[in-house]
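Biologist: I am new to this structure. Please take one residue and look at it closely, then place it in the whole protein.

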Amino acid sequence: MLDLARLRALHAVSVHGSVSAAATALGYTPSAVSQQIAKLERETRTTLLERQGRGIALTDAARHLAATAQQLLAIVEEAETTLEERRGQPMGRLVIGAFASAARGLMPVVLAALMAEHPSLDARLLEVDPHLSVDLVAQGVIDLAVAHDWDIAPLPAPEGQERAVIGDDLCDLLVPAGHPLAERAARRTLRREDLPGQRWICQPPGSVCHDWLVRTLRASGHEPDLAYQAAENHTQIALVAAGLGVALMPRLGRGPLPDGVLALPLEPVPVRRLYALWRTGAARRPAITETVRLLRRPLAAAHGLSTGSTGCPVTLLGARTPLLADPRCPHPARNRRGPPRVEAVC
């Protein structure tokens, strides 16, 4: 009889493309995954992995077995969902995937709450690219994803998955203290027409932030001067602090800004929408519904906000800086910086 844990390891390798990436996703060491695959090869008397250059490739037999493993894992998930539903409380293992700034700015509080309120639940976190979230949920690699979308690249909603809005992540223009745009912002609200002519610090080509910036400035008749390109937000902030240029950056996971860096609002405000996604077959799991509830619950009770009775998904970075804002929230005091959603960036 085939061992389910070994099939899970093979399935993870087929999804992630390498033993090391599969190990990261499963929470194992690469050696442990390799041992599982080796045992599966002995059990099946079949070669499953082959060397291909510096990496590995699945054989035809392995690809067939991995597809079968995905079906078996779905059946097991259905059985586990039924048991958890009957017990009426979150339990078992729940793998949550989140993009980098959500993993840093949102998930620590949510995971700590899950651990404190539901000790029978083994919640785990995997940082994933938002572009991969939908496929990883569909393949059963993660149970729930925290993802985002934007107007220029809407998040797909494939059959077999459900999603819920968590909130909107607002973006600010970061400038060095004393910058002419800061002086202009002191007199009136900055608009996108004020942005041309700047030396920009942004993410590399292919990212949504990069694409949004280029499209926005080109629409106003100016070619942006992308002087510095860095993938990490903290690197971009350091470049702004050095007075080298300006940057457009979301608030989620940004952290406190250093001295000498100012965050200026734009009108209309660029935003990105955050979602939780899960498989329809797992929708009955108390672990899923409870995690979604905690993701949507305001995390700023210490600042005098409600703990979620209104359902308004608002999170604070600091006592005066709303981080996530839902434009549908009927409470202006909780949504000061949340004008209607216009566009979104990465």
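Modeller: Here is a close look at Gln 161, followed by the wider protein. This is a predicted model, where local features need pLDDT of at least 70, side-chain atom pairs count only at pLDDT 80 or more, and totals for chains, interfaces and linings use all residues. Residues are numbered from 1 along each chain as its sequence is written, and side-chain values use heavy atoms, with hydrogens and water left out.

Gln 161 lies in strand β6, residues 161-176. Strands are DSSP runs of E, at least two residues; helices are runs of H or I, at least four; both are numbered from the N terminus. Gln 161 has a relative accessible area of 13%. It therefore counts as buried (under 20% relative accessible area, with a 1.4 Å probe and protein chains only).

The Gln 161 side chain reaches the backbone oxygen of Val 134 at 2.8 Å. Val 134 is also among the contacts of Gln 161 beyond four places in sequence (contact means heavy atoms within 4.5 Å). The others are Val 137, Ala 138, Leu 277, Trp 278, Arg 279 and Thr 280.

Now the whole protein. It has 11 helices and 15 strands. Of its 346 residues, 47% count as buried. Among contacts between residues at least 6 apart in sequence, 71% join residues at least 24 apart.

Confidence varies along the chain. Mean pLDDT (the predictor's confidence in each residue, from 0 to 100) is 80, and 85% of residues reach 70 or more. Strand β11, residues 261-264, is highest at a mean of 96. Strand β14, residues 315-318, is lowest at 30. Over residues 298-346, pLDDT stays under 50.

How values were computed
Buried < 20%, exposed > 50% of the residue type's maximum accessible area, 1.4 Å probe, protein only. Polar contact = N/O pair within 3.5 Å; in protein donor to acceptor, adjacent residues only side chain to side chain.
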